[in-house]
Amino acid sequence: MIFTKHSNAFRWVIIIASFTIVSLILWKTYEFFQHFKEEERAKMEIWSFAQTELIDSDVNTNLDLTLKVLNTNTSTPVLEINNDGSIGSHLNIDEAKIKNKQFVEKLILRFKDENTPIEVIYDGKLNSIIYYGNSPLLNKLKYYPLALLLIVFLFGAVIFFFYSSNKNATQNKLWSGMAKETAHQIGTPLSSLIGWTEILKTEEVNPDYIVEIEKDVERLKTITERFSKIGSLPTLETADIIKETVESYDYLKARSSKLIEFEIITPNGEIPVELNKQLYSWTIENLVKNAIDAMKGRGKLTIEISQLENNVKVSVKDTGKGLSKKHFTKIFEPGFTTKKRGWGLGLSLTRRIIEDFHNGKIKVLESEKDKGTTIQINLKRSV
């Protein structure tokens, strides 16, 4: 427990530290962006001043420095609009597009949105207005935080995927270990029971008692085999799913309350499916027992087998209390149960058998409050 508390505390420290680091990086990136923008503003004000100097010059004026300043701008797009509305100088803008009036209007709006225009004053009068946009470097820098967030998100997704995979692998190992240990623990008294049964046969004991004991011993053998197989990768063999379902149905019907009305609907003939018989029988048993619990021992239970071209569907329908839609997928999660005394392992084990071992699908097909639930298994037919 102490280790778990320390692990959770360490996890939160990592999360908070990561969030703090990312926040600092984003904040510093924003500060750098604003600083760079201010520098571009200062450069453009110098450029506009040089433009004024050029207008104010005459044949005797030395324009070397002025022209040098004007020629330094090789990246920032600039558009100068004279006071009469005509286009003055323009830099780093496509020459062909600048003749399009609508393009110029949209460009002015974009530049105004990105930067405050600079007014060029000559002899105390407005000579022109300089509109300028962000340089390509500044535009790239603007999207850098988004790229950083995307990288952080992807990195977090990879960590989450790794953690989930590791957690699932640990759970699978736990499943396997518990199943094998259970099979081992049952095996010892089971061997003893088989021996005692043989001894009873030599005594003057009612044969009917021995028959019933042997049935229970066979049942224990089946349970041991199930746990042994769930603890490792089970082998599949071609079997008639109708025959296997009917056998499980008959066994459960004979041992269930007489207040339950059982019905089974199957097509004629055989349907070959790659199955592990013991585990498939366990699946039907879990679904039927859950259905009986949902009906509180009174109602109608229907098992229906239907086939498509390449698939076979086995539906178990009850007339119980039903499920809400938010529980359609949760009921297959380990530990989830709607019963007061349930462990929440039966349906999760069922999904493991069907999806992991048989490459099939299991789902809640439909459910309605106080009318019942239908759970459907979908398996591939053998070729």
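**A five-stranded sheet and its helices**

Strands β10 and β11, the latter spanning residues 372–380, pair with each other in the antiparallel sense over seven bridges. Within this pairing, I362 has I377 in β11 as its bridge partner. The model described here is a predicted one, and these two strands offer a convenient point of entry to the sheet that contains them.

That sheet is open and has five strands, which follow the order β6-β8-β9-β11-β10 with mixed pairing. Its edges are formed by β6, covering residues 260–265, and by β10, covering residues 361–368, each of which pairs on one side only. From one strand to the next, the twist averages 15°.

Helices lie across this sheet. Helix α7, made up of residues 241–254, lies across β6, β8 (299–307), β9 (311–317) and β11, and its direction is at about 170° to β6. Helix α8 lies across β6, β8, β9, β10 and β11, running at about 145° to β8.

Helix α8 also has a helical partner. The axis of α8, which comprises residues 277–294, comes within 9 Å of the axis of helix α9, residues 346–357, and the two cross at roughly 145°; the crossing of α8 and α9 is left-handed. On the α8 side the contact involves L279, W282, T283, N286, L287 and N290, which meet G346, L347, L349, T350, I353, I354 and F357 of α9. Sorted by class, the residues in this contact of α8 with α9 are eight nonpolar and five polar, with no charged residues.

Conventions. Residues are numbered from 1 along each chain as its sequence is written. This is a predicted model: local features need pLDDT of at least 70, side-chain atom pairs count only at pLDDT 80 or more; totals for chains, interfaces and linings use all residues. Side-chain values use heavy atoms; hydrogens and water are left out. Axes are lines fitted to C-alpha atoms, for helices over the stretch in contact, and angles run from 0 to 180 degrees between N-to-C directions. Helices (H or I, at least four residues) and strands (E, at least two) are DSSP runs, numbered from the N terminus. A crossing is left-handed if the near helix is turned anticlockwise from the far one by less than a right angle, and right-handed if clockwise. Contact means heavy atoms within 4.5 Å. Ala, Val, Leu, Ile, Met, Phe, Trp, Tyr, Cys and Pro count as nonpolar, Asp, Glu, Lys and Arg as charged, and the others, Gly among them, as polar. Two strands pair if DSSP finds at least two bridges between them.
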